[in-house]
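Subject: Structure handover

Hello,

Here is the structure for you to look over. My notes on it follow below.

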Amino acid sequence: RKDEARYAAKVSAEIFAELEGYFGIPYPFEKLDQIAVPRFSGAMENPGLITYGQNILLTRPDEETASTRRRYASVGAHEMAHQWFGNLVTMRYWDDIWLNESFATWMEERTLERWQPGWDSPGERARSHGGAMRLDGLGSARAVRQPIESTHDIRNAFDGITYSKGQALLDMFEHYVGEERFREGVRGYLRAHSFGNASADDFLGALSAAGGAELGPAMRTFLDQPGVPLVTLEARCEAGKARALHLRQAPYRPLGAEVAAGKGEAPRWQVPVCVRLRGERGKEGGAGTCLLLKEAEADLPLPEGRPCAEAGGLASGNADAAG
């Protein structure tokens, strides 16, 4: 069935090179075989030997489409990323399975965007983020770092919160601090714990060392509690000019959902809010004007007074849809 593996054989080395370049650490094992397994679904990132369901790795040449090509490339990038995040460095315990799965999910789209820029990876990420928020807005949602008290909790951890919400958090914080600083934190974490075990504390410490002391504590507010912060923006005006944007955060709940009452203060996050003003273009590695919203409310000063009559269309409160 050699012809059915033609596409995977052709592109695997290209995807692999993208990943090796990002991590800045040579592939840590002696070989990398990729094998189609009958009566098997999904894929598994065994060190040096990735197994795939046949429908992922094998496609008849006359049935190859853009969809089948993207399917293999996406899953392949995910499983190859695990050779670093999961195999070179392994989480200490199951409550940090997100260190494996969130990262591999994040790296697959990140890798495809650079390797195949025409495949609309930004759109794919935005769809994934929306799905994560729909799950996370429910009162029954669990935290990314859920305490593991039974084997059932382990199985439950392989869900959309771990994969999609974890991916969204990595996107958001990378967007906030910039690609280079975030990548240095990732590389520092991998170098420090190669062929060993690590925890969320280790990873967040590496991010803070590279991206700023506030980064780790801010990300923890999203990892250790469930829910989605809804941030609203309102222009603050003086003498007919918009001088600041007033930001306010509150837990999001879908229409018709019950909101718990009498259980203390509402949850609060440290939210990276990146605002793009009308007429402002994004810069490589940047996102307009950013603020880490730590309190329930805060003001984001505007660089120059704009007419208050324009306040309704003054700014996009979620630059590049990365929040």
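In which helix is the place of Thr-105? Thr-105 sits in helix H4. Keep in mind that this is a predicted model.

Helix H4

I started with this helix. H4 covers residues 98–115. At 1.5 Å a residue, its 18 residues should span 26 Å. The C-alpha atoms at its ends are 25 Å apart, which agrees.

How many of the 18 residues of H4 are buried? The count is 16, so the rest of the structure largely encloses this helix. Thr-105 is buried too: its relative accessible area is 10%, and the cut-off for buried is under 20%. What does Thr-105 touch, leaving out residues up to four places away in sequence? Its contacts are His-78, Tyr-163 and Gln-167. His-78 falls within helix H3, which covers residues 66–81.

The three-stranded sheet

H3 also leads to a sheet. This helix lies across E1, E2 and E3. Its direction is at about 145° to E3.

Those three strands form an open sheet in the order E1-E3-E2. The pairing is mixed. Which strands are at the edges? They are E1 (33–37) and E2 (43–44), and each pairs on one side only.

E2 and E3 (residues 49–53) run antiparallel, joined by two bridges. Ala-43 has Tyr-52 in E3 as its bridge partner. As a general point, strands of a sheet pair through backbone hydrogen bonds, either parallel or antiparallel.

The whole protein

Now the global numbers. There are 10 helices and 11 strands in the protein. The radius of gyration is 21 Å. The globule rule gives 20 Å for 323 residues, and the two values are close, so the protein is as compact as a globular protein of that length. Along the principal axes, the C-alpha trace spans about 75 × 45 × 40 Å.

What share of the 323 residues counts as buried? It is 44%. The protein exposes about 16000 Å². Carbon and sulfur atoms supply 51% of that area.

Last, the contacts. Take those with a separation of 6 or more. Residues 24 or more positions apart account for 67% of them.

If you open one place in the viewer, try Thr-105 in H4, with His-78, Tyr-163 and Gln-167 displayed as its contacts. Then turn to H3 where it lies across E1, E2 and E3.

Best wishes

Definitions and conventions
Residues are numbered from 1 along each chain as its sequence is written. This is a predicted model: local features need pLDDT of at least 70, side-chain atom pairs count only at pLDDT 80 or more; totals for chains, interfaces and linings use all residues. Side-chain values use heavy atoms; hydrogens and water are left out. Helices (H or I, at least four residues) and strands (E, at least two) are DSSP runs, numbered from the N terminus. The expected span of a helix is 1.5 Å times one less than its number of residues. Buried means under 20% relative accessible area, exposed over 50%, partly exposed in between (1.4 Å probe, protein chains only). Two strands pair if DSSP finds at least two bridges between them. Contact means heavy atoms within 4.5 Å. Axes are lines fitted to C-alpha atoms, for helices over the stretch in contact, and angles run from 0 to 180 degrees between N-to-C directions. The radius of gyration is taken over C-alpha atoms; the globule rule is 2.2 Å times the number of residues to the power 0.38. Accessible areas come from the Shrake-Rupley method with a 1.4 Å probe; for residues, only the protein chains shown count as cover.
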